[in-house]
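Welcome! Here are a few short exercises to work through with the structure in view. Try each task before you read its solution.

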Amino acid sequence: MTRTRRRILQALADGSHTGPELADQFDISRAAVWNHIEDLRDRGFTIEGGPTGYTLTACPDFGGDAVSLGLAAPFTIQYQPTVTSTNAWARDLAADGASDVVCLADEQTGGRGRLDRSWASPSGGIWASLLIRPPVPPTDVPIYTLGVAVAIVDALAELDVAATIKWPNDVLVEGQKLAGVLTEMEGEADRVSWVILGVGINANIPVTALPENATSLQALVGSVSRRRVTQQFLDRFDTLRSQPETILAAWRDRATTLGQRVRVVTQRETIVGTAVDVEHPGTLLVETDTGVREITAGDCEHLRPA
Ligand code: BT5
């Protein structure tokens, strides 16, 4: 969208304006204003004309223009209806030097989970990858993954959906997975070059289109505004990334793993015990018969109490 068109949209979001007012304000002809309004309508914005001028009465449910409008966080939003994987797309942008970009899609044909698992991504989801370049060493990156999970839980709370986090990054509602996070990065020993935080939220999707043990917002509360959920999530994450020292406490408050009997499968072994804490930057401490183990990565299963 051109800069003028974006500014006209913002002006209409702030209140009604007549064609001549917009023409004056942006120093363009009335015909040009009309063209911009028609283009915005083609993009899915409902703009009604009346005695007080043009009024924006509805936004599209999703898309780059819709999510950008009213977003406080300084992210550039890029949108494609269908992609293979938003993380793969964000990697291409990272190679081009981009930063603070969010790649959004309605559908992914090759969505990925951790360890190359597949991630079901039918149309109606929020499939998003945040490309950021935090000034930290690679060892600190897991804290941003925890921050993303916190931001998702807080965005869902606005819909009265009470979600919790299972270490390290599963967002669950009543034990079923509603959202997941896949973090990728590149960097040198003392500084990351880029971090991609891939976020999948099952939004307006019937559970029949999802794997077992998955749930969706549609199943929990009915169809939602993906625009609002995405904006709330991005704004919350932006606040958290500016205060990374607050993330761990926020994560602990929203986690279900602490205090539970767990089985954690890492690349090398399986550890069974009680999850007693999570330490910076996201290390799980599990008390076992042979002492406390520190686990930096793995798949965690909550067990019934012994
Ligand atoms: C994750 O992996 O939970 C990370 C998911 C990240 C997806 C986003 S979408 C945007 C971006 N682009 C991508 O290509 N990926 C990211 P993991 O913890 O490994 O969980 C994967 C497992 O969750 C699978 O093996 C299934 O059992 C299950 N699963 C697959 N699709 C699911 C879905 N839509 N909802 C819930 N569970 C799912």
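## Exercise 1: Two helices that cross

Task: In this predicted model, find the handedness of the crossing between helix 6 and helix 8.

Solution: Helix 6 passes helix 8 in a right-handed crossing. Next, look at the geometry: the axes of helix 6 (residues 142-157) and helix 8 (residues 226-242) come within 8 Å and cross at roughly 140°. Helix 6 is therefore oblique to helix 8. Now pick out the residues that touch. Helix 6 contributes Y144, G147, V148, V150, A151, I152, D154 and A155, while helix 8 brings V229, Q232, F233, R236, F237, L240 and R241. Finally, sort the residues of this contact by type: 10 are nonpolar, two are polar and three are charged.

## Exercise 2: The surroundings of W119

Task: Decide whether W119 is buried or exposed, and list what W119 touches beyond four places away in sequence.

Solution: Begin by locating W119, in the loop between strand 4 (101-108) and strand 5 (126-132). Its relative accessible area is 18%, and buried means under 20%, so W119 is buried. Leaving out residues up to four places away in sequence, W119 touches Q108, G111, R112, G113, W127, K177, A179, G180, G200 and N202.

## Exercise 3: Cysteines

Task: How many disulfides does the structure hold? Then classify C59 and C300 by accessibility.

Solution: The count of disulfides is zero. For C59, the relative accessibility is 26%, so C59 counts as partly exposed. C300 has a relative accessible area of 6% and is therefore buried.

Key
Residues are numbered from 1 along each chain as its sequence is written. This is a predicted model: local features need pLDDT of at least 70, side-chain atom pairs count only at pLDDT 80 or more; totals for chains, interfaces and linings use all residues. Side-chain values use heavy atoms; hydrogens and water are left out. Axes are lines fitted to C-alpha atoms, for helices over the stretch in contact, and angles run from 0 to 180 degrees between N-to-C directions. Helices (H or I, at least four residues) and strands (E, at least two) are DSSP runs, numbered from the N terminus. Angles under 35 degrees count as roughly parallel, over 145 as roughly antiparallel, 65 to 115 as roughly perpendicular and the rest as oblique. A crossing is left-handed if the near helix is turned anticlockwise from the far one by less than a right angle, and right-handed if clockwise. Contact means heavy atoms within 4.5 Å. Ala, Val, Leu, Ile, Met, Phe, Trp, Tyr, Cys and Pro count as nonpolar, Asp, Glu, Lys and Arg as charged, and the others, Gly among them, as polar. A disulfide is a pair of cysteine sulfur atoms within 2.5 Å. Buried means under 20% relative accessible area, exposed over 50%, partly exposed in between (1.4 Å probe, protein chains only).
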